[in-house]
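I opened a notebook for this structure and kept it short. The entries follow the order in which I looked things up.

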Amino acid sequence: MKALLIARRELAGYLRTLSGYIIIAAILALNGLFFNAFALGKAAERSATVLSNFFYYSSGFTIVASVFISMRLLAEERQAGTLSLLYSSPLKDRDIILGKYLAGLAFLAVYLVCTLYMPLLIMVNGKVSAGHIFAGYLGLLLLGSASLAVGTFGSALARNQVMAAILTAVMLVALILSWLVARIAEQPLANVFSALSLWNQHFPPFQAGLVHVRDVAYYLLLTYVALFAATRVLEARRWR
Amino acid sequence: MIQVEGLTKYYGEHAAIRDLAFTINKGEVIGFLGLNGAGKSTTLKILGCVLLPTSGRVVIDGYDALRDPHEVRKRIGFLPDTPPLYDEMTVGEYLAFVAQLREVPASEARARVLEAEEKTGLREVDGALISTLSHGYRQRVGVAQALVHRPAFLILDEPTSGLDPAQIRGMRELIRGLKGTHTVLVSSHILPEISETCDRLVIIHGGQLVAQGAEEELARKLGGGSIEVEVRGEKEKAVAALSGVGPVSVAFEDGGVLGLRVEASPELRPRVAQAVVGAGLELLRLDRGAQRLESIFLRLTQAGGSASPEVLS
């Protein structure tokens with residue numbers, strides 16, 4: 001499987017360069033800080049509320065992590081001229097995209113595993129169900145997957161990593177803010193914009209420990225569409 | 001065998017190459033020449049399956065590069081103008097990765113890597129990180145990645161660019177060593193390089209083919225090249241006698257010895273000898289002019305690509 005070969009090389013690239021560690025370390029530090037300062041809160045709260053707060057803040061950091069993890073995926077290959085190696089090898093463009101995305105997802109999973117200590121602390125000191133933690137992490141992984149896919153698309157479009165990060169951030173913010181559009185739009189468009197929003201309607205159930213098929217489907221569909229678009233961009237690049 | 005037919009590539013309104021057609025036979029080493037911006041890299045990228053042509057066909061071993069890109073890519077090794085290297089990998093890891101990418105079974109990959117390293121003189125840097133390598137080594141790793149899967153057809157875009165003279169000689173020997181087992185298409189600015197390593201030349205200018213054939217053949221058809229003569233005798237007499245053969249210029253004058261350069265095909269050397277002897281001069285040396293290829297190349301590319309049609313045959 002060529003995609004796995006590419007994913008393995010890409011993942012090794014993250015782990016061997018400093019940038020991967022810096023991204024994880026910086027976002028972990030901020031995530032921990034927010035957990036301590038805001039999620040735990042000042043007054044005594046129910047453990048489930050604290051856990052929900054943790055997932056609330058973590059969802060934001062997951063999106064940020066996705067932007068930074070995905071920015072190098074294709075833009076760097078283009079910058080370094082290594083894309084022509086992949087282009088001239090017998091593999092499909094979708095394998096390139098899939099491999100890159102899977103490497104990003106694996107690296108994001110490493111980040112998410114590193115955050116596990118926070119819910120475990122809540123579990124030890126309070127009372128929360130493993131199901132709630134599982135649901136929250138599933139949500140984070142799905143949200144991250146969709147963000148990474150959008151990031152892969154942005155990285156395929158951009159000439160360099162900085163541009164890739166900016167493009168991705170703009171697309172993700174637009175997706176997140178589509179609920180604002182929903183508020184001023186009329187029905188039935190309002191429902192469409194609301195359902196399109198990356199966070200507003202789809203993440204809170206996970207945060208509360210609920211897994212709905214429609215939310216899972218939304219994130220998977222967004223992942224697919226973004227990766228499909230990235231593949232088309234890669235194909236179109238062969239023309240110029 | 002590689003067939004290129006009617007290859008055209010537009011970048012927006014600008015045609016990088018137009019209606020390019022040539023054939024390369026198995027085992028040949030072809031030199032691909034052109035000035036900067038002539039469309040060399042574009043052509044090589046199309047042959048390397050990195051870029052798609054606007055129109056035209058590339059057929060490699062019977063497979064069409066547009067319809068069966070997979071089959072074609074299995075048969076080619078491509079070194080772009082900048083070697084496509086991953087800095088954070090070691091040479092051995094990188095080559096093994098490329099080998100597997102090009103469908104060498106994982107169990108065989110290591111053996112192929114060692115083989116490629118042997119050919120390109122990279123054995124001693126197998127464990128070195130690519131980011132720590134010098135320019136010459138990076139270029140060699142670039143060649144190694146192009147041949148690690150034993151492709152039938154190698155495309156090398158300026159393999160000697162930025163190398164020092166010793167490294168250039170190494171690269172020349174490397175390319176010569178590939179002759180017979182691989183079909184090689186190599187582009188270069190360094191004309192003596194091409195002259196020494198290649199069986200045949202393909203010269204493009206302004207995106208169009210201006211000539212192809214062996215160097216000798218081109219020189220003959222163009223009537224190009226020059227003849228160097230050394231004589232003892234009067235300058236005026238010598239110039240007058242030789243101007244019957246072609247335009248004459250005086251290269252040097254040293255005591256009674258006169259060095260002359262006649263702009264004419266080296267095939268006309270007997271006539272030069274006759275003219276010199278007939279004028280009662282002493283003939284000291286008679287030779288084909290050096291840098292023949294340079295004069296062919298400049299003639300073809302500076303005339304604005306309007307070469308006589310028979311050269312195109």
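I began with surface: accessible areas come from the Shrake-Rupley method with a 1.4 Å probe, and for residues only the protein chains shown count as cover. By that method the accessible surface of chain A comes to about 10,900 Å², and 71% of it belongs to carbon and sulfur atoms.

**Entry: ground rules.** This is a predicted model, in which local features need pLDDT of at least 70 and side-chain atom pairs count only at pLDDT 80 or more, while totals for chains, interfaces and linings use all residues. Residues are numbered from 1 along each chain as its sequence is written, chains are lettered from A and ligands numbered from 1 in the order in which they are written, and side-chain values use heavy atoms, with hydrogens and water left out.

**Entry: chain A as a whole.** I looked up the helices and strands, which are DSSP runs numbered from the N terminus (helices H or I, at least four residues; strands E, at least two). Chain A has 13 helices and zero strands. The radius of gyration, taken over C-alpha atoms, is 19 Å for chain A. The globule rule (2.2 Å times the number of residues to the power 0.38) gives 18 Å for 240 residues, so chain A is as compact as a globular protein of that length. I also noted that the C-alpha trace of chain A spans about 60 × 50 × 30 Å along its principal axes.

Next I looked up burial, where buried means under 20% relative accessible area, exposed over 50%, and partly exposed in between (1.4 Å probe, protein chains only). Of the 240 residues of chain A, 51% count as buried. A contact means heavy atoms within 4.5 Å. Among the contacts in chain A with a separation of 6 or more, 74% are between residues 24 or more positions apart.

**Entry: nonpolar cores.** In soluble globular proteins, nonpolar side chains tend to be buried together. I used this definition: a nonpolar core is a set of buried Ala, Val, Leu, Ile, Met, Phe, Trp, Tyr and Cys residues joined through side-chain atoms within 4.5 Å. Which residues have the most contacts inside the largest core? They are Tyr111(A), Leu198(A), Tyr219(A), Tyr94(B) and Ile203(B), in a core of 148 residues. Helix α8 (residues 130-157) of chain A gives the largest share of this core, 11 residues.

I then followed Tyr111(A). Leaving out residues up to four places away in sequence, Tyr111(A) touches Ile24(A), Ile27(A), Leu28(A), Asn31(A), Phe61(A), Thr62(A) and Ala65(A). A second, separate core has 15 residues, including Ile227(B) and Leu258(B).

**Entry: salt bridges.** Side chains of opposite charge can pair when their charged atoms come close. A salt bridge is a side-chain nitrogen of Lys or Arg within 4 Å of a carboxyl oxygen of Asp or Glu. I found 34 of these salt bridges over all chains.

Glu10(A) pairs with Arg9(A), with the closest N and O atoms 3.0 Å apart, and both residues are buried. Glu76(A) pairs with Arg72(A), with the closest N and O atoms 3.9 Å apart. Glu76(A) counts as partly exposed because its relative accessibility is 32%, whereas Arg72(A) is buried at 7%.

In chain B, Glu158(B) forms a salt bridge with Lys40(B), the closest N and O atoms being 3.6 Å apart. This pair links distant parts of the chain, 118 residues apart: Glu158(B) is in the loop between β7 (153-157) and α6 (165-178), and Lys40(B) is in helix α1 (residues 40-47). Both Glu158(B) and Lys40(B) are buried.

I also listed a network of salt bridges that links Lys2(A), Lys26(B), Asp61(B), Glu71(B), Lys74(B), Arg75(B) and Glu103(B).

**Entry: backbone.** Two members of that network came up again here. Asp61(B) is not a glycine, yet its phi is positive, about 50 degrees. Asp61(B) lies in the loop between β4 (55-60) and β5 (63-64) of chain B, and is partly exposed because its relative accessibility is 30%. Glu103(B) has a positive phi near 70 degrees and lies in the loop between α3 (91-101) and α4 (106-120) of chain B.

In chain A, a cis peptide bond joins Gln187(A) and Pro188(A), with omega about 0 degrees. Pro188(A) lies in the loop between α10 (178-184) and α11 (189-196).

**Entry: disulfides.** How many disulfides (pairs of cysteine sulfur atoms within 2.5 Å) does the whole structure hold? The search finds zero over all chains.

Methods:
A disulfide is a pair of cysteine sulfur atoms within 2.5 Å.
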